[in-house]
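Trainee: Could we take a close look at one part of this model together? I would like to learn how to read it step by step.

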Amino acid sequence: MFKRLFVLLYRLIAETASSWEFLSEDQEKDNENFYKDYLFPIIGLIALLAFVGVVISTKAFSTALALKVVIRQVVIYLGSFYLVSFIVSEWLFPFFGMEKNRVLGERFTGYSSALIYIVAMIEAVFPSFFFLEIIVFYTIYMIWTSAGRFFKMEEELWMKFTIFASVLIMLAPYFIKLLINIFMPNMKI
């Protein structure tokens, strides 16, 4: 299971164009496999690595702190996934002349966030590697590539779609972190 997941993550990043073409063939399948084989294992890995990061980085291990970090990471990345996929399927698709499609919105959001998830995994274990967040800008290219291959969108709409979707996908985790810091100040780390 994890081998296929890491191969897919690698293909999404290193072979972006061909992986979007491959994924476009799976568009009509049910979303159960997407959740079971892709999204939930990634969120689980982020949570597990966040726990490991707390164990490694603190001198006196605290179960409460470790659970707080794990819960925070799960809420940030799962919450941003659901927020963005809802906005994409309900507002962004109709804005660009496509029909509302929850399944397609979820798949697009999940696959486009691959690099964000990888950076989150690395930063969970090595918090001092915050400079890796600059790599997240490659997500813009991933989304631009998906517009033509995954959605079969007209070329004049590619750039607008890329800008809107990139802003949503890249800023959603920061928005969720901000909400957590405001409404749950005890969850600050």
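Which residues in H6 meet which residues in H7?

Mentor: Happy to help! This is a predicted model, in which local features need pLDDT of at least 70, side-chain atom pairs count only at pLDDT 80 or more, and totals for chains, interfaces and linings use all residues. Residues are numbered from 1 along each chain as its sequence is written, and side-chain values use heavy atoms, with hydrogens and water left out.

Now to your pair. Ala114, Leu115 and Ile116 in H6 meet Tyr138, Thr139 and Met142 in H7, where contact means heavy atoms within 4.5 Å. By class, this contact has five nonpolar residues, one polar and no charged. Here Ala, Val, Leu, Ile, Met, Phe, Trp, Tyr, Cys and Pro count as nonpolar, Asp, Glu, Lys and Arg as charged, and the others, Gly among them, as polar.

Next, the geometry. H6 covers residues 114–125 and H7 residues 138–149; the two pack at an angle of about 155°, with axes 9 Å apart. Helices are DSSP runs (H or I, at least four residues), numbered from the N terminus. Axes are lines fitted to C-alpha atoms, for helices over the stretch in contact, and angles run from 0 to 180 degrees between N-to-C directions. H6 and H7 are therefore roughly antiparallel to each other, a term for angles over 145 degrees.

For contrast, look along the chain to Glu156, which lies in helix H8 (residues 155–183). Glu156 is exposed, with a relative accessible area of 55%; exposed means over 50% (1.4 Å probe, protein chains only). The C-alpha atoms of Glu156 and Ile169, 13 residues apart along the chain, are separated by 21 Å.

Conventions: Buried < 20%, exposed > 50% of the residue type's maximum accessible area, 1.4 Å probe, protein only. Parallel < 35°, antiparallel > 145°, perpendicular 65-115°, else oblique.
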